[in-house]
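Here are my notes on this model, as numbered points. Please read them with the structure open.

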Number of protein chains: 2
Amino acid sequence: MKPRLLCPGPTPVPEETLLELAMPVTFHRSSQFRAILGAVVADLQEVFCTKNPVCVITSSGTGGMEAALTNVIRPGTKVICCISGRWGERWKNISKAFGAVVVELTCPYGEAITPAQLTQALKDHPDAKVVTATLSETSTGVRNDIQGLGALVKDTDAVFIVDAISGLGVMECRTDDWHVDFCVTGSQKALMLPAGLAFVSVSPKGFKRIDETLTQGPAASFYFDLRKYRDNLKGNDTPFTPANTLIKALRHSLARLKAEGMEKVWQRHERMAAAARAAATGLNLKLFARVNPTSGLTVFEVPEGLDASVILSRLEKEHGIRIAGGQDTMKGKIVRLAHMGYIDFFEVLAAVSALELVLSDMGHKIESGAGVSAAQRAFASWKPGA
Amino acid sequence: MKPRLLCPGPTPVPEETLLELAMPVTFHRSSQFRAILGAVVADLQEVFCTKNPVCVITSSGTGGMEAALTNVIRPGTKVICCISGRWGERWKNISKAFGAVVVELTCPYGEAITPAQLTQALKDHPDAKVVTATLSETSTGVRNDIQGLGALVKDTDAVFIVDAISGLGVMECRTDDWHVDFCVTGSQKALMLPAGLAFVSVSPKGFKRIDETLTQGPAASFYFDLRKYRDNLKGNDTPFTPANTLIKALRHSLARLKAEGMEKVWQRHERMAAAARAAATGLNLKLFARVNPTSGLTVFEVPEGLDASVILSRLEKEHGIRIAGGQDTMKGKIVRLAHMGYIDFFEVLAAVSALELVLSDMGHKIESGAGVSAAQRAFASWKPGA
């Protein structure tokens, strides 16, 4: 059976990137590696739409989140967390672990945080020093309005920290134009690399806040001290031994994004997402995120009476298709079909086909062929900006 | 030219391990991956000589060090740091960054910290809560007496934290028998993997101290919270998205260690180190660490009048041999030839040969062939335990 990975991370990795990982290991304190790191960071800046330093950290995405947050909070710092799902909750959990005071903005799962909510919160909490948000909330399939939220934070004293881990390289994310002070992503999503690297861009306002925070007592980070990454970046170097094979491999995946151009990359994902959403109707499934869906994945509600774990396990065992279930409170209620990175429409089509086969066999009413047909029609008729 | 990497990390990676890295990426929350993680941790326990959990963290070695330390310190905690070089200094720097009070035990670079020094320090500072040490001090080529130091810490209130990053899998390190509460290593040394993973074993005394420390105020870590790693390990899982391709590849490198047996692995490194040290006489070079040399690398003093950077660059450009120079205050004074992991005697011989060619050409007096001859004789006549 041919395995196909359509989970919201890790995602499939292009062959030339995988082959680079099999090349002999080289020394990281060398002119050769410095040239590579310099080129990688320059390419990352294009993906981030930023002119600011992009720190390359050897860790999971959560390490990048901790790096962004712990450099600007101390016990008692007030943080406004925009929470539209599990990953929004993670900002809250990190903040609380370090003793920050959290103001929670919430919405029903499946919906997005509105700029109006943040307007009110900033009014109620003028002493807030940080606002966190999530670009693509993969736990629910929702896209948050980072541009709208950033416009509100920009003129306040707060820094704006965004988890773009599964959104960057998928959908529009203009870090500088949208006033994102700390933009965090990970390697194993749209950057088309195995897990192991996190990337954090930091604005001048962000670095200023880091310096101010350091006057308030001992650091909350050594390994995640972003000033070290910035300073080393000036010499195309890293403060600690980096996962240099991953960085070398990243060149190849970034070359794909660069050749395509970010606008086209975003459109490609939008088009796949439109096809996946259209499939829902054909499959007689409800979409969980109806209003502001992310383009990185599509979340279907599990029909009444069907067991999500059986759907997932049959998809994998019978058809080699690996999609994801719900997490925590969403477990059993949704299934999540990711289409980000090195995944194309035909793999989405394969997943829709397999879903149709499995769901039908489990007794769910589907007109045979309706899912793939709907996806095909939506893909064929898709127009940018429509 | 054929490149040969004889630096103290990253080290060469076996071919079967590299090829695993080129395999398609798979999902990490699966029974298949859990089985692999469980097997990897069991094998790591053999390498660590421990029955305790070995936490698998996606980070550099320094991330592992921070994990060990920040779980048991808070501002004001007294830490005794055994400092015999740059990596001993790192424990001090992390401790100070987090506001701990550091008692420094030092010795001239090239020597080891003695148990007598620690006896006195523990007497003078009965309120010390942590003792840090370094098994293999790669900045100077010294091996510290972890067994002797551990025996002193064991009956005190302090926990014993050891940086075994470039020592574990090279030389004897009996984590449990030697009373090491937190033993830290990294992937890119003797574990024969690219950089990107850190491993931390934690004793029951260590976990008890983590719990006590948490009663003293907010955590100093979220990503590095070792309780999370321990709890997830019970289900062969990780708290955050792991660098799962590295973990899958690690199986193959660990299989080599397991097949050989740890005693034999330690002996193999001792034998290579004996050969490298013997070469010094033939090369008319002084050893920097004369009394307690590590078996992971051999450090030569740079002869008066010769430029270390020229030696290193000629070794690489003319012969493809990459060894390391001195760091920080040792820069220009030493060169460091590593022999750990997937390196054998014949590569050490190649490095000795290239050193002889370059040094002779730079005007250093060497009897032609004396270096390789001395190495060969020492290797041939080596006996375990001699």
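**Notes on a predicted two-chain model**

1. Helix pair α10/α13. In this predicted model, helix α10 (residues 262-282) of chain A meets helix α13 (residues 370-381) of chain A, their axes coming within 7 Å and crossing at roughly 145°. The crossing of α10(A) and α13(A) is right-handed. On the α10(A) side, the contact is made by Arg271(A), Ala274(A), Ala275(A), Ala276(A), Ala278(A), Ala279(A), Thr281(A) and Gly282(A). On the α13(A) side, the contact residues include Ala370(A), Gly371(A), Ser373(A), Arg377(A) and Phe379(A). By class, this contact has 10 nonpolar, 4 polar and 2 charged residues.

2. Helix pair α11/α12. Helix α11 (residues 308-319) and helix α12 (residues 345-361), both of chain A, have axes that come within 10 Å and cross at roughly 115°. This crossing of α11(A) with α12(A) is right-handed. From α11(A), the contact takes Ile311(A), Arg314(A), Leu315(A), Glu318(A) and His319(A). From α12(A), it takes Ala354(A), Leu355(A), Leu357(A), Val358(A) and Leu359(A). The class split is 7 nonpolar, 1 polar and 2 charged.

3. Sheet. Chain A has an open sheet of 7 strands, in the order β2-β10-β9-β8-β5-β3-β4, with mixed pairing. Its edge strands are β2 (54-58) and β4 (101-106) of chain A, each of which pairs on one side only. From one strand to the next, the twist averages 20°.

4. One strand pair. Strand β3 (residues 78-83) and strand β5 (residues 130-134) of chain A run parallel and are joined by 3 bridges. Within this pair, Val79(A) stands opposite Val130(A) in β5(A).

5. Helices on the sheet. Helix α5 (residues 115-124) of chain A packs on the sheet and touches β3, β4 and β5 of chain A. The direction of α5(A) makes about 150° with that of β4(A). Helix α8 (residues 226-233) of chain A also packs on the sheet, touching β2 and β10 (197-202) of chain A. The direction of α8(A) makes about 115° with that of β2(A).

6. Symmetry. A turn of 180° and a shift of 0.0 Å along the axis lay chain B on chain A with an RMSD of 0.0 Å. That is the relation of a two-fold axis. In chain B, the C-alpha of Ser59(B) is nearest the axis, 2.3 Å from it. Both copies use the same surface: 100% of the contact residues of chain B recur in chain A.

7. Interface. How many residues of chain B are in contact with chain A? There are 45, and they meet 45 residues of chain A. The elements of chain B that give two or more residues to this side are α1 (15-21), α3 (61-70), α4 (86-97) and α9 (244-260). α3(B) gives the most, with 4 residues. By class, the side of chain B that touches chain A has 27 nonpolar, 16 polar and 2 charged residues.

8. Helix α3 of chain B. Is α3(B) mostly covered or mostly exposed? It is mostly covered, with 10 of its 10 residues buried. Among them are Gly61(B), Met65(B), Glu66(B), Leu69(B) and Thr70(B). Within chain B, the buried residues of α3(B) pack against β2 (54-58), α4, β8 (159-163), β9 (182-186), β10 (197-202) and α8 (226-233). This helix also serves the interface, where α3(B) gives 4 residues to the side that touches chain A.

Notes: Residues numbered from 1 in each chain as written. Chains lettered and ligands numbered in written order. Predicted model: local features only at pLDDT ≥ 70, side-chain atom pairs only at ≥ 80, totals over all residues. Least-squares fit on C-alpha atoms with pLDDT ≥ 70 in both. Contact = placed C-beta atoms within 7 Å. Axes fitted to C-alpha atoms, helices over the stretch in contact; angles between N-to-C directions. Left-handed = near helix turned anticlockwise from the far one by under 90°. Nonpolar A, V, L, I, M, F, W, Y, C, P; charged D, E, K, R; others polar. Pairing = 2+ DSSP bridges. Buried ≥ 20, exposed ≤ 12 C-beta atoms within 10 Å, placed from the backbone.
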